[in-house]
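Subject: Structure handover

Hello,

Here is the structure we talked about, with notes on what turned up when I went through it. Please look it over before reading on.

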Amino acid sequence: MTAPAALETRGLTRRFGGFAAVDGVSLALAPGSRHALIGPNGAGKTTLVNLLTGAIRPGAGAVLLEGRDVTALPQHLRVKRGLARTFQINQLFPDLAPIEAVTLALAEREGLTARWWRPVRAHRALAEEAAALLARLRFAPAEMAAPTRDLAYGRQRLLEIALALALKPRVLLLDEPAAGVPPEESREVLEAVAALPRAVTVLLIEHDMDLVFRFAERITVLAQGRVLAEGTPEAVARDPRVREVYLGEAAAHA
Ligand SMILES: Nc1ncnc2c1ncn2[C@@H]1O[C@H](COP(=O)(O)OP(=O)(O)OP(=O)(O)O)[C@@H](O)[C@H]1O
Ligand SMILES: [Mg+2]
């Protein structure tokens with residue numbers, strides 16, 4: 001028997017008034033894969049992520065996490081089952097150093113913050129784990145210890161990803177993690193994500209096709225709430241329906 005998809009949707013639908021923002025979407029993320037979700041503005045990508053995390057409820061369809069139906073589960077229980085998304089930038093503490101922020105996040109996950117006493121040993125182990133996590137995302141020791149407000153923007157976005165990883169997810173959802181990051185830093189952000197251990201399945205939403213094609217092994221194209229195409233980057237790039245959506249856009253912007 002093959003392993004169930006890391007994350008799967010079946011006929012997922014969400015309407016706002018009479019308008020179907022997500023319309024019968026079925027997709028599956030292979031365990032350990034680097035999967036991209038692309039599509040024009042308003043295609044329903046963020047709405048789909050909100051349905052996956054449980055931030056909003058579907059009108060129809062199901063969400064399965066490692067083969068188990070989580071459609072009725074609230075957000076925090078999906079996080080407990082191994083589903084995480086990035087925090088928004090305004091949730092970073094500007095005065096904390098990344099090493100402190102990630103250590104706190106790890107402590108919270110272990111339930112250590114609830115105790116008024118905390119053995120120094122336990123704290124040191126968590127700080128070491130935090131440093132290892134940040135190093136995996138290519139933070140230099142000096143960057144780990146500097147106040148977050150002083151970090152380059154790309155590093156701040158990576159810190160958000162580090163905080164999500166502190167939840168020890170098996171599936172990580174990234175909605176435009178490089179948005180607003182200068183081009184010279186955005187490639188670094190996505191390379192660090194692509195290099196995460198394969199124990200983590202990653203779904204990336206990104207508009208920059210160059211970044212998408214570097215990152216993804218599998219691409220799902222959403223248009224007007226529906227899956228327009230799904231396949232390898234090569235197959236998707238050749239797909240005439242996809243070319244029509246994107247070349248149509250490029251022509252309109254030319
Ligand atoms: N809470 C809401 N109420 C009403 N309409 C909504 C709501 N959320 C999203 N929509 C609409 O649903 C459609 C899909 O929006 P969504 O944000 O999911 O698109 P997207 O693919 O993430 O776009 P972008 O690439 O611009 O981020 C849009 O037409 C949007 O206006
Ligand atoms: Mg969006």
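The C-alpha centres of domain 1 and domain 2 are 26 Å apart. Keep in mind throughout that this is a predicted model. The domain assignment gives domain 1 as 1-82 + 169-254 and domain 2 as 88-168. To their contact, domain 1 contributes 20 residues and domain 2 contributes 14 residues.

**The contact between the domains**

Between them, domain 1 and domain 2 bury about 1400 Å², and carbon and sulfur atoms account for 68% of that area. On the domain 1 side, the residues that lose the most area to domain 2 are Pro169, Ala192 and Leu196, which together make up 30% of what that side buries.

As for charged and polar pairs, there are 2 salt bridges between domain 1 and domain 2. Arg138 and Glu191 form a salt bridge in which the closest N and O atoms are 3.9 Å apart. With a salt bridge defined by a cut-off of 4 Å, that value of 3.9 Å is worth keeping in mind if you apply another criterion. The domains also share 3 residue pairs in polar contact, counted with both residues at pLDDT 80 or more.

Which elements supply at least two residues each of the side of domain 1 that touches domain 2? They are β7 (171-175) and α7 (183-194). Of the elements on this side, α7 gives the most, with 6 residues. By residue class, the side of domain 1 that touches domain 2 has 14 nonpolar, 1 polar and 5 charged residues.

**The four-stranded sheet**

There is an open sheet of 4 strands with antiparallel pairing, in the order β2-β1-β4-β5. The edges are β2 (19-29) and β5 (68-69); each has a single partner strand, so one side of each has no neighbour in the sheet.

Inside that order, β1 (residues 7-16) pairs with β4 (residues 60-65) in the antiparallel sense, over 5 bridges. Two positions give the register: Leu7 stands opposite Leu65 in β4, and Glu8 stands opposite Leu64 in β4. As a general point, side chains in a regular strand alternate between the two faces of the sheet.

β4 also pairs with β5, again in the antiparallel sense, over 2 bridges. Here Leu65 stands opposite Arg68 in β5. The hairpin of β4 and β5 has 2 residues between the strands, and Glu66 in that hairpin takes a positive phi near 45°.

**Salt bridges**

Over the whole structure, the search finds 13 salt bridges. One of them returns to the hairpin residue: the side chains of Arg170 and Glu66 meet at 2.9 Å, N to O. Why does this pair tie together parts that are 104 residues apart in sequence? Arg170 lies in the loop between α6 (153-165) and β7, while Glu66 lies in the loop between β4 and β5, so the salt bridge links those two parts of the chain.

Regards

Note on methods:
Residues are numbered from 1 along each chain as its sequence is written. Chains are lettered from A and ligands numbered from 1 in the order in which they are written. This is a predicted model: local features need pLDDT of at least 70, side-chain atom pairs count only at pLDDT 80 or more; totals for chains, interfaces and linings use all residues. Side-chain values use heavy atoms; hydrogens and water are left out. Domain bounds come from an automatic or database domain assignment. Contact means heavy atoms within 4.5 Å. Buried area is the accessible area (1.4 Å probe) that two parts lose on being put together, summed over both. A polar contact is a pair of N or O atoms within 3.5 Å; within protein, one must be able to donate a hydrogen and the other to accept it, and residues adjacent in sequence count only if both atoms are side-chain atoms. Ala, Val, Leu, Ile, Met, Phe, Trp, Tyr, Cys and Pro count as nonpolar, Asp, Glu, Lys and Arg as charged, and the others, Gly among them, as polar. Two strands pair if DSSP finds at least two bridges between them.
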